[in-house]
Amino acid sequence: MALAAWGDATPIVLSCHGETNTDEAVVTELCAVLEAELSEREPGRVVQRRVQSEPYPAGARDIVLEVLRTEPHSWEGRLTWGVAGQKSGAGRTTGPPVEIWGMDAPLGPSAYQQFVRGLLKVSYPVF
């Protein structure tokens, strides 16, 4: 599916971080799944991870995954997006928090893609 608002081929720069006490392994895996999902949805656009020491490519679209909670039976996170380098409130958008729960068992690898797709569905509606 193509981006309606970003029909050009500007790159997407992705960064991911977890709040204090989140499971770094879960954050890392969610970031990898988000990167793959964005690449699949936008095959003509380069999706790259943000390297702090490097400048953003000109006009790049910046997506940040913020993982707010990673408990064994629930995860919570949100996406923030805009043009790379803009500060919050200056043309950037923060989506609502999204949660996923595992009622009978702890969340695991089968939940990563479901969680990421939920984030994209409610937080990044231009897809």
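Helices (H or I, at least four residues) and strands (E, at least two) are DSSP runs, numbered from the N terminus. With that in hand, Asn21 sits in the loop between β1 and α1. This is a predicted model, where local features need pLDDT of at least 70, side-chain atom pairs count only at pLDDT 80 or more, and totals for chains, interfaces and linings use all residues. Residues are numbered from 1 along each chain as its sequence is written, and side-chain values use heavy atoms, leaving out hydrogens and water.

**Exercise 1. Work out what is unusual about the backbone of Asn21, and whether the residue is buried or exposed.**

Step 1: look at phi. Asn21 has a positive phi of about 70°, although it is not a glycine.

Step 2: check the surface. Buried means under 20% relative accessible area, exposed over 50%, and partly exposed in between (1.4 Å probe, protein chains only). Asn21 comes out at 74%, so it counts as exposed.

**Exercise 2. Find the disulfide and say which elements it ties together.**

Step 1: recall the chemistry. A disulfide is a covalent bond between the sulfur atoms of two cysteines. Here the test is a pair of cysteine sulfur atoms within 2.5 Å.

Step 2: apply the test. The structure holds one disulfide. Its partners are Cys16 and Cys31, with sulfur atoms 2.0 Å apart. The link of Cys16 and Cys31 is right-handed, with 75° about the S-S bond.

Step 3: place the two ends. Cys16 belongs to strand β1 and Cys31 to helix α1, so the pair ties together parts that are 15 residues apart in sequence.

Step 4: compare their surroundings. Cys16 is partly exposed at 24% relative accessible area, whereas Cys31 is buried at 5%.

**Exercise 3. Check the length of α1, then trace what its buried residues pack against.**

Step 1: do the span check. The expected span of a helix is 1.5 Å times one less than its number of residues. For the 18 residues of α1 that should be 26 Å, and the end C-alpha atoms are indeed 26 Å apart.

Step 2: look at the N-terminal end. Asp23 caps α1 there, with a side-chain oxygen 2.9 Å from the backbone nitrogen of Ala25.

Step 3: list what is hidden. Buried residues of α1 include Val26, Leu30, Cys31 and Leu34.

Step 4: find their neighbours. Contact means heavy atoms within 4.5 Å. The buried residues of α1 pack against β1, β2 (47-49), β3, β4 and α2.

**Exercise 4. Decide how the buried residues of α2 are arranged around its axis.**

Step 1: pick them out. Tyr112, Phe115, Val116, Leu119, Leu120 and Ser123 are buried in α2.

Step 2: look down the axis. The arc is that of the directions from the helix axis to the C-beta atoms. The buried residues of α2 fall within 135°, so they line one face of the helix.

Step 3: turn to the other side of α2, where Gln114 and Lys121 are exposed.

Step 4: see what the buried residues of α2 pack against: α1, β3, β4 and β6.

**Exercise 5. Say which residues touch the most other members of the largest nonpolar core.**

Step 1: define the core. A nonpolar core is a set of buried Ala, Val, Leu, Ile, Met, Phe, Trp, Tyr and Cys residues joined through side-chain atoms within 4.5 Å.

Step 2: read off the hubs. Of the 25 residues in the largest one, Leu30, Leu34, Trp75 and Leu79 touch the most other members. α1 gives the most to this core, with seven residues.

Step 3: zoom in on Trp75. Not counting residues up to four places away in sequence, its contacts include Val26, Leu30, Ile100, Tyr112 and Phe115.

**Exercise 6. Find the side-chain partners of two buried charged residues, Glu66 and Arg92.**

Step 1: set the rule. A polar contact is a pair of N or O atoms within 3.5 Å; within protein, one must be able to donate a hydrogen and the other to accept it, and residues adjacent in sequence count only if both atoms are side-chain atoms.

Step 2: take Glu66, which lies in strand β3 and is buried at 12% relative accessible area. The side chain of Glu66 makes a polar contact with that of Thr80 (2.9 Å).

Step 3: take Arg92, in the loop between β4 and β5 (93-94). Arg92 is buried at 13%, and its side chain makes a polar contact with the side chain of Asp62 (3.1 Å).
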